[in-house]
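Reader: Before I trust any of the labels here, I'd like to hear what earns each one. Can you take me through a few?

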Amino acid sequence: MTCLALSAAISAAQAPPKFSVKPDLLTALKWRSIGPSVMVGRLVDVEGVPSDPSTFYAATAGGGLWKTTNAGTTFEALFQNEGSISLGDVAISRSNPDIVWVGTGEHHARNSVSWGDGVYKSVDGGKTWKNMGLKESFQIGRIAIHPTNPDIVYVGALGRLWGSNDQRGLFKTTDGGETWEKIHYINRQTGVIDVMLSPDDPETLIFATYQRARDMQDSIPNYDPSVKWSATAGIWKSTDGGKTIKRLTEGLPTVRYGRVGLDIMGTNGDTMFAIIETELAGANAEQIEAEMAKEDRINQTVVGEREFAASYQGQQGDIQDKQGPKGFETGGVFKSTDGGESWQRINSITQRPFYYSQVRVDPTNDQVIFLPGLSLMKSTDGGKTFVNSGRSTHSDHHSIWFNPHNTEHVLLGNDGGVYQSWDAGANWMYHSNILASQIYHLTVDLKEPYNVYAGFQDNGSWGAPSRHRSGRGNKNADWIRVGGGDGFVCLVDPYDPDVIYVESQGGNMSRQNLRTGERYRIRAPREEGEDQRFLWDTPMALSHHNGRVFYCMGNFVFRSMNRGEDLRKISPDLTRTKRGSGSAFAESASNPDVLWAGTDDGYLWVTKNGGIDWENVTENIDIRLPSYVSRIAPSRYADGRAYVVFDGHRSNLDEPMMFVTEDFGATWKSLNEGLPQGSTRSLAEDVENENLLFVGTEFSAFASLDRGQTWLDLRSLGLPTNSVQELVVHPTAGELVAGTHGRGAWILDIVGLRQISPDTEAVKPALFAPQTATMWGSGPPSFGVTYGAQRLSTDPTPLGATISCWLPAGTEDVSLEIQTVGGKHIAKIAINPVEGLNIARWNLRADPPEGEQNPAPQSRFRRGPRGQAVAPGKYMVVMTVGKTKITQEIEVRADPGR
């Protein structure tokens, strides 16, 4: 085993020696979830078990699979530690509900989606999973299981969103996933978004093909994909299990399609529905004629202001009679009553079609149709008219499931989570007991206990305490909303923690005072005719040296000397392209004149004179393609040192890209050795140990004890597989806070981790300097849901003092004791020694009087004798290993809030 002990910090002028430990020696450390579940985040699919509708599954965009067996009273987290827990679909075998399939890789073409590693199968209701292949399909559109033979499964594979690949199209297995046949393939850019089997004849299937792609920038109008229409998109049918396939065209648009959604009526396989996006959405009759008369219609074109256009490039509903005889070319909702052989448009509506395009029909009544989208639209007249049926729900709907035995019972999945209705959507019950929120960024304040503020996908910005004085976990009521829209960067004024900064998409920044309610909108000045571009996720920062100094970045860097007021430009346009924008900004913690800036189109800049002169240092870094600059972390230990991580997945590069410079960007060293495949997302440098680094990737968080030369995977400490979008080391609490895009916020005690270091002597035990312990008083009363099983509380926080030590293998004769500084016994601390890092707890009390160590059982209202609480002050921790004694001082303080 590697020799370990406490040691002095290594000089910043020299690199530390390579040094690491095995992850299984750190299992005493455990991540602690703090939520939230007040909003769940994006649900991509919700599916019930027809034979037992109280059992249903919710598939999330980034938080794995969740299951209830009691109609949503409680949920169990499934599929949390597989290769990817970003899901595109969940499917349940009708003949054997214990057989469940999930397809990994979210099927939406959003700028924030993750990717997967194929399809997984469970034969025990989700308890265990096996990867069944298609590992290079990246995103899964739909899975369809044969109703009587669960070994026959169809998978619609969408393929890579940011590049081309071969593992796309429609796949079929007849042996439960052991082998696969690609039964339909068009090209390396076109995949399958939806698959449906006829309830009358499972050999009959219809499916939809779809070509979509994203590029490096998010600045496409409405954040749409760069490619979303193609001649290869369409609807297809087979009546022999995929042996022969034909394209369906009768009554359908002849122009280029975008996304298509399908459904077949459960009691009549001849009745089916499709919602179709086309390139002519919103056009009137005259515009349709003009566009279709063009000889060259290859390139995407816009025919001026389209009369019937809806927000987000969709099309208005209920105007199907106003677009002329060729109005069907603009897309909308289509119906077939002859198994898809011919179709008729029944409504014009499409809502942000690249993102939604779902249609669900009541399995027993073709007059009742739901269209999940921006709003949840419902028709009760066969599709002639649609009205909003989701007014009491979160917006952005993605999935509907009808209970086939009681179609008044409907499940709904959207960007807020899971809803359930027992009156066909007239009223909805929300299930706020799933811990699956999607964080983009987070920050911490300096209160005690400190608060965590984070920005969430389509759920604004929220804040909550990192712990409670009582030791309980967070409840939904503990989270307060501080911003709307899609939440991103949050900042806290270091001098007044009630003053916070939040933002939503496109550079909508604001400052607010939580104590007074005051709000101030922060706006960058724009010169006449200036092309000013702010990213979906706009960089903001407060100065380390003066908390009133505020920075933000679009394609220019702006600075305010007064909390965001009177912003002034301090840089030229720093982007590489005319669509680029700023994606990362940082000020040096050691020198306020050193500023770093990165862009989403691959440029990295530094200024050493406060923004007067900027130097482009991108060409000094060895990367294959221009890539999104995800995070910059100037070191607090050396002026010229800075770390940068690039997120290459938008450039079709999945490998980690992390680098360090010691000379302001003149030269760079790669720190990628030992990091597995998966884009790098975030980075943090420890505030006490310059050799301790943390990096967040697409699928995990890692720690390095030797300044990035070797890496430890921190998933083994209880963190689910997740995209770790932000890492923050609290300045004083000895904790690392991680923001994940699927499982919310997590906290890890790193006091012991930061003190593990190499030693040239023989292996020996080490007692680490403990963090100051606080005697927390009783907490405020708990609000929110108090009774019933639906109440949700996150992981509790241990009270008292945490004692960390390192023990060699085979250590048995070990004890821990608390003494006064003068050597008088206070308390004995229980420890069950294991090899590696050990963690013990002291409850900040003296041992009870002799003879009262094991009191008789008490009633539920009376506790047995406890020792007296110690007074605030300094004490000694004494660890005895054999004949060796090691001591560390520990300070106990009173609750600073009392």
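Author: Sure, starting with rings: Tyr223, Tyr440, Phe488 and Trp536 are linked into a cluster by ring pairs. This is a predicted model, where local features need pLDDT (the predictor's confidence in each residue, from 0 to 100) of at least 70 and side-chain atom pairs count only at pLDDT 80 or more, while totals for chains, interfaces and linings use all residues. Numbering runs from 1 along each chain as its sequence is written, and side-chain values use heavy atoms, with hydrogens and water left out.

Reader: What makes Phe456 and Trp479 an edge-to-face pair?

Author: Rings of Phe, Tyr and Trp (its six-membered ring) pair if their centres lie within 6.5 Å; planes under 30 degrees apart are stacked, over 60 edge-to-face, the rest tilted. Phe456 and Trp479 come in at 6.2 Å and 85 degrees, so they are an edge-to-face pair.

Reader: Why does that pair tie together separate parts of the sequence?

Author: Phe456 lies in strand 34 and Trp479 in the loop between strand 35 and strand 36, so the pair joins parts 23 residues apart in sequence. Strands here are DSSP runs (E, at least two residues), numbered from the N terminus.

Reader: How do you know that Lys569 lies over the face of Phe556?

Author: The test wants NZ of Lys or CZ of Arg within 6 Å of the ring centre and within 35 degrees of the ring normal. Lys569 is at 4.1 Å from the ring centre of Phe556, so the distance part fits. Arg247 also lies over a face, that of Tyr257, at 5.8 Å from the ring centre.

Definitions and conventions
Helices (H or I, at least four residues) and strands (E, at least two) are DSSP runs, numbered from the N terminus.
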